Amino acid sequence: MRPVTIVGGGLAGCEAAWQLARRGVPVRLWEMRPKRGTEAHQTERLAELVCSNSFRSASVTAAVGLLKEEMRRLDSLVMAIADRTAVPAGAALAVDRERFAAEVTETVAALPGVEIERGEVVELPDGPVLIATGPLTSPALAQALQAMFGERYLYFYDAIAPIVSAESIDRSIAFAASRYDHGGDDYLNCPMDRDEYYGFIDAVLAADIVPTRDFERCVHFEGCMPIEEMARRGRDTLAFGPMKPVGLVDPRSGRRPYAVVQLRQDNREGTLYNMVGFQTKMTYPEQKRIFKTIPGLADAVFVRLGSLHRNTFVNSPSLLQPTLQVRGRDDVFLAGQLIGVEGYVESAAAGLLAAINLARCGDGREAIVPPATTALGALVAYVTDPERRDFQPMNANYGLFPPLEGKLRGREKRLALADRALADIDAWIAAHGVAVAVAETPRRAAP
């Protein structure tokens, strides 16, 4: 089979390399780091997580949890390693980001038939090729893709939340608990009374922020909104968003706080904590000054401050087939956040599907599309629907699924959608011979 060129060593590119190698397809994987860095990455490892360390909900009552289980049934490398490197995160799946990236890098480097090349790709390689360069696609390659597609690129900013040293958190103030005891006490909570909350909001609204450059258009994805942008929408927005105190009781007072700042464990050793939902584009000095006013963080040591980076994605509904092939260029595939799927799991899932179809096309079979009743199929249908206008990135969610018969609601409805999806993905795998008859990868049953 002809070798496949993969451009981009993130989650989508690494998942694709794994899937192709297991099907006997030779791969040349290009990653530009460390020869060319980005605004967000800090290492040269493959699959480095630059935003949160959370893969979000671990339960099939959330569509992203269902997508995880579908990927496990498709022998996903990303899910196998995420499960092995998991850290406590309540009802979510979060990973030790250092161990996760290290294990992905080591595994992909050891795959037979996979060559890893370090350097920037500045023009579209000959096919078959998978472009999975993600939100930080280099300007040179972006120009090459733009020239090929004849489409205008869209831009928005992904915001990165700060990380705090665990030993610098005042545990006499911050208390361990999860909202409504979901997941035990995996989170630390910094409680605020009414005056403390509104004082914090005033400081955030008055803070200096990093200016947007003239040549870049700033559009914030709703799931990654900077806290100052949320505060501008209303002084109570944060209290009903990432700082909502529902289901929490401050042990010092025995009452529910007016608001809380939640901290989530960021590594297995428990030495680092991520400020949940605290993405920001405030300047570094302002972050240190304002975040130290949060009860429990007066002496906080920030090992990483929040920042903002450009996210590049293409107008996939006008460019891509549901197989993730470019319309008019069946030897060119796109995957990952570049196609407008938002989130770690969604990006890896797109790489997985692209790899399945690259392998099938390589040996003369037809490319295939998962059923729209599955999490993977529903997400792909959203980003490749040619009738869609005003396209914006999307997470996996049950709102994308075809409706069920009957009038189920809430949790019962979501569980029924999940049952249908898992039955349909199993049938799809069996019908198309998608499974790989080699060594099994570790799996974890869905909750």
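**Exercise 1. A hairpin**

Which residue takes a positive phi in the hairpin of strand 12 and strand 13? Work in this predicted model.

*Solution.*
- Start with the pairing. Strand 12 and strand 13 run antiparallel and share three bridges.
- Pick one bridge. Gln265 has Tyr273, in strand 13, as its partner.
- Now take the turn. Six residues lie between the two strands.
- Gly270 is the residue sought, with a positive phi near 75°.

**Exercise 2. The sheet around that hairpin**

Find the order of the strands in the antiparallel sheet, then its edges.

*Solution.*
- The sheet is open and has six strands, in the order 10-11-12-13-9-14.
- Strand 10 (175-176) and strand 14 each have a single partner strand, so each has one side without a neighbour in the sheet.
- Look at one edge. Strand 10 is joined to strand 11 (residues 187-192) by two bridges. Ala176 stands opposite Leu188 in strand 11.
- Add the helix. Helix 6 (residues 194-206) packs on the sheet and touches strand 11 and strand 12 (259-265). The direction of helix 6 makes about 95° with that of strand 11.
- Go on to strand 9 (residues 163-165). Three bridges join strand 9 to strand 13 (residues 272-275), and the two run antiparallel. Ile163 has Asn274 as its bridge partner in strand 13.

**Exercise 3. The mixed sheet**

Trace the sheet with mixed pairing and place two helices against its strands.

*Solution.*
- Six strands form this open sheet, in the order 6-2-1-7-17-16.
- Its edge strands are strand 6 (114-118) and strand 16 (325-326), each paired on one side only.
- Strand 16 pairs with strand 17 (residues 329-334) in the antiparallel sense, over two bridges. Val326 stands opposite Arg329 in strand 17.
- Helix 1 (residues 11-22) packs on the sheet. Helix 1 touches strand 1 (4-7), strand 2 (27-31), strand 6 and strand 7 (129-131). Its direction makes about 160° with that of strand 1.
- Helix 5 (residues 139-149) lies across strand 1, strand 7, strand 16 and strand 17. Helix 5 runs at about 140° to strand 17.

**Exercise 4. The second largest pocket**

What is the volume of the second largest pocket, and which residues are closest to its centre?

*Solution.*
- The volume is about 340 Å³.
- The lining has 21 residues, and Gln42, Glu48, Arg97, Ile163 and Arg304 are the closest to the centre.
- Two elements give two or more residues to the lining: helix 4 (97-109) and strand 14 (302-304).
- Helix 4 supplies the largest share, three residues.
- By type, the lining divides into 10 nonpolar, four polar and seven charged residues.

**Exercise 5. Backbone details in loops**

Locate two cis peptide bonds and a positive phi at a residue that is not a glycine.

*Solution.*
- The bond from Arg33 to Pro34 is cis, with omega near 5°. Pro34 is in the loop between strand 2 and strand 3 (54-57).
- The bond from Gly127 to Pro128 is also cis, with omega near 0°. Pro128 is in the loop between strand 6 and strand 7.
- Asp75 is not a glycine, yet has a positive phi of about 60°. Asp75 is in the loop between helix 2 (63-73) and helix 3 (77-84).

**Exercise 6. Confidence**

Where is the pLDDT below 50?

*Solution.*
- Begin with the chain. Its mean pLDDT is 89, and 91% of its residues reach 70 or more.
- Then find the stretch. The pLDDT is below 50 over residues 438-447.
- Check its contacts. Beyond near neighbours in sequence, this stretch has 24 contacts in the model.

Terms used:
Residues are numbered from 1 along each chain as its sequence is written. This is a predicted model: local features need pLDDT of at least 70, side-chain atom pairs count only at pLDDT 80 or more; totals for chains, interfaces and linings use all residues. Side-chain values use heavy atoms; hydrogens and water are left out. On a 1 Å grid over the protein atoms alone, a cavity is a set of points where a 1.4 Å probe fits but cannot get out, and a pocket is an open set with protein on both sides within 12 Å along at least five of seven lines; lining residues have an atom within 4 Å of a point. Grid points are joined across faces, edges and corners, and a volume is the space filled by probe spheres set on the points. Helices (H or I, at least four residues) and strands (E, at least two) are DSSP runs, numbered from the N terminus. Ala, Val, Leu, Ile, Met, Phe, Trp, Tyr, Cys and Pro count as nonpolar, Asp, Glu, Lys and Arg as charged, and the others, Gly among them, as polar. pLDDT is the predictor's confidence in each residue, from 0 to 100. Contact means heavy atoms within 4.5 Å. Two strands pair if DSSP finds at least two bridges between them. Axes are lines fitted to C-alpha atoms, for helices over the stretch in contact, and angles run from 0 to 180 degrees between N-to-C directions.
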